[in-house]
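User: I am new to this structure and would like to learn how to read its features. Where should we begin?

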Amino acid sequence: MLVSAIPYNVFFVGKKPQLEDLKACPMDRESLLKMIKRFPDKPGVYIMHGKDGNAIYIGKAKSLKKRVSSYFRHATFASPRLARLVADISDISTIRTDSEAEAMVLESRLIKLYQPFFNVELKMGERYPFIKITSEDFPRTIVTRHRQEDGAVYIGPFVHTGDLRSLLRISERYFPLRTCSIQIRSDKLPLTRPCMRHTLNLCMAPCAGLCTEAQYRERVADLVMLLQGKGADLANRLHKRMDLSANRMDFEEAARLRDTIRAIWRVSRQRLSTPAMFEENKTEWTPLKSLQESLGLKTLPWRIDGYDISHTAGENTVGVVVVFEQGIANTSLYRRFNIKTVEGIDDFRSMEETLTRRYKRCIERQEPMPQLIMIDGGPVQLEFALSALRELGLSKIPTVSLAKREEEIYVPGVKDPMRMPLDDPGLLLLQRVRDEAHRFAITSHRRARDKKFSRSALEDIPGMGKNRVSQLLSRFGSIRAIARLSNDELSSVPGVGPILAERVLKALDISAP
C-alpha cells in the first residue's frame, strides 16, 4: 500500500481471467535485490510468487525492507525448506500497513485466502492476534499470535484490525504500561531516573521507584477489565476514584479520570468483537476478489484510492482523493488539494496535479500506497493520471477510470472499455468509491468557494484590518456586494484608496460566478 510497496500487477484483456491464468513477471536474483532495496522500512505484508505466478509464501514484517532482504543474505540455509523457498521466488509484492498488528491480521487472512505452499501454521486460519499481559512483577502489553501456558493473561483473539487498534490506542493513552524489557524487582530498582515516556505520561516509571507495585497492579487490573469488555464495571470503578480525587481537591486527577470514563464509553459503543463472539464477515472479501479477477490483479486491492475534480466554471478548482480499505471508506485518510498550477476549466491537468502532489507526499513520508487507483472519468482523465504516475516512477500501480454514463471501465493499453455486470460486487465497489469521491469533491469545492466570500477573506488582504472590514460590511452589507463594486465606488470609501480597492477586488475576483 509506497513506492517500493507497489504490487507488480499485470492487466489482462478479453475474457474474464481466472486465478490460475494470472502469471507473474519472472525476475532474476539481481532484479529482485534491486527491487527489495526500494522496499520501505515500514510494517506490512510481503507475498512471494513462484515461477507460475501463484503465491508460495506470505509473511508479515515490522520492516519490509529488512525482513525480505534477510532471505537473500546467505548463500546456504540450515533448513532445506527455506532453501527451496528462496530458490523458487520469482517475484515479490508487498502491502504496506499502518502498524505491525494490522500486518499480522492481514497476513492471516491472505494465507487463508491463497493457501500458499510454504505457509504451514496459518493455512487453517486459527491464529489471530492476542493482546498479551505478561506475568512479570510489573507487567507489559505485547501483541502476539502465539498463546502459551506461561501464566500471562491473553485477550482476544481479534478478527478485525480496527478493534485491536482501538483498544491499543485507548490503553496507550489512558492505561499506559511500561514497554521496556528491563527486569524490575521491588527490592532492587535498575534505574535512578525515568525515561522520556514517563515525562510524556506514558509510563508510571516503576524502574525508578516512582510508583509502588500495588499502584502499578491497579492500573494493570483496570486495563484487563477494559480489554475483557467490562467497560461498565471499569467506568463505575473509575467514577468512585474520581469522586475521591475531587474531595481531596486533586482536580487534575479528577479531570483525567473523567476523560478516561468518556473514552471507555466511546469504545464500548463500538461493540468490539473477537472470534469467540462473532464469525468473520466474509462478504467484505467478495468485491475485492471480483475486482482482482476482472482486472487481472496479482494481489487483492486491499486499498483503493479514488479521485475526482470539482470547480465552478474553472474557479476554486479542488482535487480530492478518498481511500477505501477492505472495501470500506476510511475518512481519516481523505485528502483535498486546491489546484495551483491550472487556470480555467481543465479537469485533465487538474487531475494530473492532484495525483502528482498526492503521491509525491506519500513517497517523501513513506506512506502506504494503494493496490488500485480509480479515476472518475474516461480515457483522457486516465491518460493524464498515468502521466503523473510515470513521472513519479509509480507506473506499476494498477489504475483504471470509471465513466458514469455506461459504467464503463477503462484500462491502460486497452482500446475498448470493459463492461462488468451491473450487479457485480466488484463494479458496485468501484461505484461506491466513485460516488464518494464525487461527494467529497463537491463538498470540498463548496467549502473553498464559500471561504472566498467569508469575513476572513477580507481580513487576510494586506491593509485590511478588522475595523476597516467592519466599516465596509456595515456600509455594503456583504462580501458579495463588495465584490460587485467598481474600483471607483470602493475607493471612494474613506480610508480605502485606489490601490487598496484594486487589491480587494482582485482578491475577491469579481469575475467569478
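Analyst: Let us begin with pockets. A pocket is an open set of grid points with protein on both sides within 12 Å along at least five of seven lines, and its lining residues have an atom within 4 Å of a point. Rolling a probe the size of a water molecule over the atoms shows where empty space is left. Please note that this is a predicted model.

User: Which residues lie nearest the centre of the largest pocket?

Analyst: They are Tyr174, Met204, Arg219, Glu253 and Arg256, out of 27 residues that line the largest pocket. Two or more lining residues come from each of helix 5 (161-174), helix 7 (213-227), helix 8 (231-247) and helix 9 (251-269). Helix 9 gives the most, with six residues. The volume of the largest pocket is about 850 Å³.

User: How many residues of this lining are nonpolar, polar and charged?

Analyst: The lining of the largest pocket has 11 nonpolar, five polar and 11 charged residues.

User: How should a salt bridge be read here?

Analyst: A salt bridge pairs a side-chain nitrogen of Lys or Arg with a carboxyl oxygen of Asp or Glu within 4 Å. The count by this rule is 24 salt bridges. One of them joins arginine 241 to glutamate 218, with the closest N and O atoms 3.7 Å apart. This pair links distant parts of the chain, since arginine 241 is in helix 8 and glutamate 218 in helix 7, 23 residues apart.

User: At roughly what angle do the axes of helix 11 and helix 12 cross?

Analyst: The axes of helix 11 (residues 347-365) and helix 12 (residues 379-391) cross at roughly 35° and come within 8 Å. Their crossing is right-handed.

Definitions and conventions. Residues numbered from 1 in each chain as written. Predicted model: local features only at pLDDT ≥ 70, side-chain atom pairs only at ≥ 80, totals over all residues. Heavy atoms only, no water. 1 Å grid on protein atoms, 1.4 Å probe; cavity = no way out; pocket = protein on both sides within 12 Å on 5 of 7 lines; lining within 4 Å. Points joined across faces, edges and corners; volume = space filled by probe spheres on them. Helix = DSSP H or I, 4+ residues; strand = E, 2+ residues; numbered from the N terminus. Nonpolar A, V, L, I, M, F, W, Y, C, P; charged D, E, K, R; others polar. Axes fitted to C-alpha atoms, helices over the stretch in contact; angles between N-to-C directions. Left-handed = near helix turned anticlockwise from the far one by under 90°.
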